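Here is a walk through one protein model, from buried pairs to strands, cores and backbone. Keep the coordinates open as you read.

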Amino acid sequence: MKFSSEVFVDQLTNGVLDPNEPMRFHVKDGGTIVANTAPGCWGPMITPELKGGHEVTQPVYVEGAEVGDTIAIKIKSIEVTSIATSSGTDAPVEGRFHGDPFVAGYCETCKVENPKTVVEGTGEDSVRCATCGNPVTPFHLTHGYTMVFNDNKTVGITVDKQAVDIITEDPKKYMNTPKCSIQNPIVSFAKHDIPYVPARVIPFLGQLGTTPSKAFPDSHNAGDFAQFLIDAPHSFSMSVDDIEHRTDGHMDINRVREGTVVFAPVKVEGGGVYMGDMHAMQGNGEIAGHTTDVSGNVKLEVSVIKGLKLEGPVILPLVEDLPLVAKPFSEKELEAARLLSEEWGMEGNVEESYPVSFVGTGANLNEATDNGLSRAANLLGLSVEEVKNRATITGSIDVGRNPGVITVTFLVPKSILEKIKIDQYVQSFYK
């Protein structure tokens, strides 16, 4: 097996993260992964040939990564390359899927699951079975918009019918999907329900993580979406216990942007780092269910932390993305704390601490919160009660995605970070 210091990933999955599939790309510990990512969500959702609801990069084997280790992933750069995209709220089309429209699209005429498709014209009936010619999209776009971006990708604006007509003349050009992508361009649906709305472009990765230890549809590699797999009537049916094989790479947490570090659990040999589902912008919660999925260029730096076993992802957010009470203390604030400590006979002792964000997922936000609290407590060797107290006075619980992805963020004592061997990462990040 040959490892390179820099790997360019130019292949995408068929919507499935499969630990039994050999990894074609191999990067050195401390090396760089570069990729041109495809849009997530809507494009794959209207392409029933894809079996997972997304189209992420093929996983990369990281030198030395073994089960029970952690891979530290630093996002060196994120660049939006789409000129336009479309998104909005969804509803499934009954009869065109088996159990799960993200996973098991179905042609009612041909009686075939995951049929190949072609795009003819515009609108929701434009996605048709390549064999019989009948419409086969498993989803309605119930309220949607098309957005364009300026050249330096700092702002977007939703457009009207006149602009949409131009974009639908060459959908793939405006989406700028990678050559290896097979997804149908969602801009072909020609939606323009809310024109003239400006939005700031703050891109991040909705999918970033490592390969689960059981084959998962990629969009279902999280505790909320995985619920759809329990006793499902298709080939990816799982039990409640099976979904513990997930690695929660599908976070949709808007803090996972350029400059951020994500610690991801290693559940298969080599880790299998993958990425995708870039969003141009998103508020906490992704309450519409979908946002502005775009093509983009990404550069990651990966390194292995031996013997650090995680139950789920851990994030070091940028300072500006932290809750106010979780930001690192300034020297002026620390001096005030030392004086107060002396005043109350505590000899000026002040705990040294740094912000860390723990991802929790579950069937709903309550379960996700319990999951995040438990993961933080188990990793740090604290009680859940102590984590709750620390997250209340030096942090917060924030919604990544409704219905079931959250972060538990709080200031963690340096002494504990030293025990779990990530103190140098955290200190250097927030210095």
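**A walk through the model**

Asp-248 is buried, because its relative accessibility is 0%. This is a predicted model. Asp-248 has a charged partner: its side chain meets that of Arg-246 in a salt bridge, with 2.9 Å from N to O. Arg-246 also counts as buried, at 5% relative accessibility. The pair belongs to a network of salt bridges that links Glu-244, Arg-246, Asp-248 and Arg-375.

How many salt bridges does a search of the whole structure find? The search gives 20. One of them joins Lys-306 to Asp-69, with the closest N and O atoms 2.6 Å apart. Lys-306 sits in the loop between β18 (296–305) and β19 (314–316), and Asp-69 in the loop between β4 (60–62) and β5, so this salt bridge ties together parts that are 237 residues apart in sequence. The two ends differ in burial. Lys-306 is partly exposed, at 42% relative accessible area. Asp-69 is buried, at 5%.

Another salt bridge links Glu-120 and Arg-128. Here the closest N and O atoms are 3.9 Å apart. The cut-off for a salt bridge is 4 Å, so the pair still counts. Glu-120 is partly exposed, with a relative accessible area of 49%. Exposed means over 50%, so Glu-120 stays in the partly exposed class. Arg-128 is partly exposed too, at 23%.

Now turn to the nonpolar side chains. In soluble globular proteins, such side chains tend to be buried together. The largest nonpolar core in this model has 39 residues. Which residues have the most contacts inside it? They are Ile-33, Leu-208 and Leu-300. Strand β5 (residues 70–80) gives this core its largest share, five residues. A second, separate core has 31 residues, including Ile-305, Phe-358, Ala-368 and Ile-420.

Take Ile-33 for a closer look. Set aside its neighbours within four places in sequence. Its contacts then include Val-7, Val-9, Val-27 and Val-60. Val-273, Met-275, Val-298, Lys-299, Leu-300 and Val-302 are also in contact with Ile-33.

The strands come next. Strands of a sheet pair through backbone hydrogen bonds, either parallel or antiparallel. One open sheet has four strands in the order β6-β11-β12-β13, and the pairing is antiparallel. Its edge strands are β6 (84–92) and β13 (198–200), each of which pairs on one side only. From one strand to the next, the twist averages 30°. β6 pairs with strand β11 (residues 139–149) over nine bridges, in the antiparallel sense. Within that pairing, Ala-91 has His-140 in β11 as its bridge partner.

Strand β14 (residues 204–209) is mostly covered, with six of its six residues buried. β14 pairs with strand β17 (residues 271–279) in the antiparallel sense, over five bridges. Leu-205 has Met-278 in β17 as its bridge partner.

Helix α4 (residues 331–343) allows a quick geometry check. What span should its 13 residues have at 1.5 Å a residue? The expected span is 18 Å, and the end C-alpha atoms are 18 Å apart, which agrees. Just after α4, Gly-345 takes a positive phi of about 75°.

Most residues other than glycine have a negative phi, and most peptide bonds are trans. Some places in this model depart from that pattern. Glu-347 is not a glycine, yet its phi is positive, at about 60°. Glu-347 lies in the loop between α4 and β20 (353–361). Is Glu-347 buried or exposed? Glu-347 is exposed, because its relative accessible area is 71%.

Asp-252 also has a positive phi, near 55°, and is not a glycine. Asp-252 is in the loop between β15 (216–217) and β16 (261–265). At 2% relative accessibility, Asp-252 counts as buried.

One peptide bond deserves a look as well. The bond from Asn-402 to Pro-403 is cis, with omega near 25°. Pro-403 is found in the loop between β21 (395–401) and β22 (405–413).

How values were computed. Residues numbered from 1 in each chain as written. Predicted model: local features only at pLDDT ≥ 70, side-chain atom pairs only at ≥ 80, totals over all residues. Heavy atoms only, no water. Helix = DSSP H or I, 4+ residues; strand = E, 2+ residues; numbered from the N terminus. Expected span 1.5 Å × (residues − 1). Buried < 20%, exposed > 50% of the residue type's maximum accessible area, 1.4 Å probe, protein only. Core = buried A, V, L, I, M, F, W, Y, C linked by side-chain atoms within 4.5 Å. Contact = heavy atoms within 4.5 Å. Pairing = 2+ DSSP bridges. Axes fitted to C-alpha atoms, helices over the stretch in contact; angles between N-to-C directions.
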